[in-house]
Amino acid sequence: MTCPNILLAITGGISAYKSAVLARLLIKAGCTVRVMMTDGACEFITPLTLQALTGNEVHTKLLDDEAERGMGHIELAKWADMVVIAPASANTIGRLAGGLADNLVTTVALATTAPIVIAPAMNQAMYAHAIVQDNLAKLTRFGYTVLTPDSGEQACGDVGAGRLPEPDDLCERILTLLAKSQTPQSLRGKKVIITAGATVEAIDPVRFLSNHSTGKMGFAIAKACMNAGADVTIVAGRGVHLPTPFGAKRITVTTADDMLSACQLVMTDDGDSIFIATAAVADYKVANIASQKIKKTSNQDDLTLALIKNPDILATISHTFPNAVMVGFAAETQDSENYAHAKLIAKNLDMIAVNDVSDKSIGFGSDDNAMTVFFAKHYGMDKMVLDKASKESIAKSLVECVARII
Ligand code: PMT
């Protein structure tokens, strides 16, 4: 869906001001936003503000002569690809859980077939109250997605859980849910472990050996796997400065040895596990890491570092967990197809994606990539060429390849 329709419902609460920023962020992300407001919401923020920000009329009344001629409550309910109620007050949550249809927001919630996301926001004692928790549990049972509120200092001075998340965080969560609702759930029930970024091998207390991997490719794949319904864990190098995709777990590691140990801890040997190795792992580490900074000496023009082999993470995991699906990457600068085939066989993989890292516009650090995917012989599948595209788009295609082989 290129331009999803988000119906943003604002209910009465001090955090209603954040919804104005949320509306802007959703529009910036390519959504069309229409807004409904309860009477309570209009006490905190004016419909005019939301109208100016979204460029669309704001809906406040269930029975409105003007609205009924145009975008009435049923039309609004049908128009939405997703309904987001943020902030959702204890009052609105109670009405929704009771099945009431006594204002525009509660009526649209009953009339729509679109997914409904609610972001509760209220005083911490109200949020913790058993009745509110019971209502939220009931709404979850009926298919609503309830977002966890933030904890911290509240407008009333209390400290605890019940704050509306910050708009950028809220926007990220909504976009993730939207992508998920519009993606075939081809990896539902699967557990995906992805390595990403560069490993770092110490030379002495201040220097290290590493490479240019930023983790962009691995994190794009993590997001695509989340959208396809998988449970995702990313094992990322410490130099990756990307936000963790909403809902994914992240383990940060430094060396190749750390990365292998972390992967071994989270892997399970069943047909539901998928291991995807996008990390650029140092093949060698320093044999003897100096405990003090190596000093420059006036009588020595060169310095030799002795290196020893690191474990091959992908090959080790593939041999330890033979029932899991193994997806490798290959970063090559020449003779890509032959090297990729050799790695596919040597590391006992189901699939390998090779990228030509001599082309600076793709591969390491760039926002784009281009790949050729090869499959293990027994799948009887031809190679798949993925032309140059954003890493997000390449990631979606790779997930489709994985879905085909499982
Ligand atoms: O992170 P980005 O900036 O977005 O860049 C993406 C990328 C270029 C790093 C990525 O697309 C990529 O090509 N990753 C693989 C990099 C690599 O190390 O390739 P390789 O051909 O050296 O290794 C082959 C496979 O074995 C890889 O899956 C690698 O993760 C794995 N390996 C390698 C060595 C080792 N000791 N352990 C491993 O598990």
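Which element gives the most to the shell around the ligand? Keep that question in mind as you follow this tour of a predicted model.

**Stop 1: the whole chain**

Start with the full view and colour it by secondary structure. You should find 15 helices and 20 strands in the chain. Taken along the principal axes, the C-alpha atoms fill a box of roughly 85 × 55 × 40 Å. Now switch on the surface: its accessible area comes to about 19,500 Å², and carbon and sulfur atoms account for 52% of this. Of the 406 residues, 48% count as buried.

Next, think about which parts of the sequence meet. Among contacts between residues at least 6 apart in sequence, 67% join residues at least 24 apart. Then try colouring by charge. The chain has 36 positive and 42 negative charges, and the mean positions of these two groups are 3 Å apart.

**Stop 2: Asn-103**

Select Asn-103 and zoom in. You will land in the loop that runs between helix H6 (90-97) and helix H7 (104-111). Is Asn-103 buried or exposed? Its relative accessibility is 18%, so Asn-103 counts as buried, the cut-off being under 20%.

Show the side chain of Asn-103 and look for the backbone nitrogen of Val-105, which the side chain reaches at 3.1 Å. Then add Thr-38 and Leu-62 to your selection: Asn-103 touches both of them, leaving aside residues up to four places away in sequence.

**Stop 3: the ligand**

Now centre the view on the ligand and display the residues around it. There are 27 of them, and Ser-213, Thr-214, Ala-279, Lys-343 and Asn-355 come nearest.

Which polar atoms of the protein can you pick out here? Try these three, one at a time:

- Ile-313: a polar backbone atom of this residue is 3.0 Å from a nitrogen atom of the ligand.
- Ala-331: a polar backbone atom of this residue is 3.1 Å from an oxygen atom of the ligand.
- Lys-347: a polar side-chain atom of this residue lies 2.8 Å from an oxygen atom of the ligand.

How much of the ligand's surface does the protein bury? Taken alone, the ligand exposes 770 Å², and the protein buries 95% of that.

**Stop 4: the elements around the ligand**

Finally, select helix H11 (216-227), helix H13 (313-320) and strand S17 (325-332). Each of these supplies at least two residues of the shell around the ligand. And here is the answer to the opening question: S17 gives the most, with four residues. Colour S17 on its own to finish the tour.

Note on methods
Residues are numbered from 1 along each chain as its sequence is written. This is a predicted model: local features need pLDDT of at least 70, side-chain atom pairs count only at pLDDT 80 or more; totals for chains, interfaces and linings use all residues. Side-chain values use heavy atoms; hydrogens and water are left out. Buried means under 20% relative accessible area, exposed over 50%, partly exposed in between (1.4 Å probe, protein chains only). Contact means heavy atoms within 4.5 Å. Accessible areas come from the Shrake-Rupley method with a 1.4 Å probe; for residues, only the protein chains shown count as cover. Lys and Arg count as positive and Asp and Glu as negative; His and the chain ends are not counted. The place of a charge is taken as NZ of Lys, CZ of Arg, CG of Asp or CD of Glu. A polar contact is a pair of N or O atoms within 3.5 Å; within protein, one must be able to donate a hydrogen and the other to accept it, and residues adjacent in sequence count only if both atoms are side-chain atoms. A residue is near a molecule or strand if one of its heavy atoms lies within 4 Å of it.
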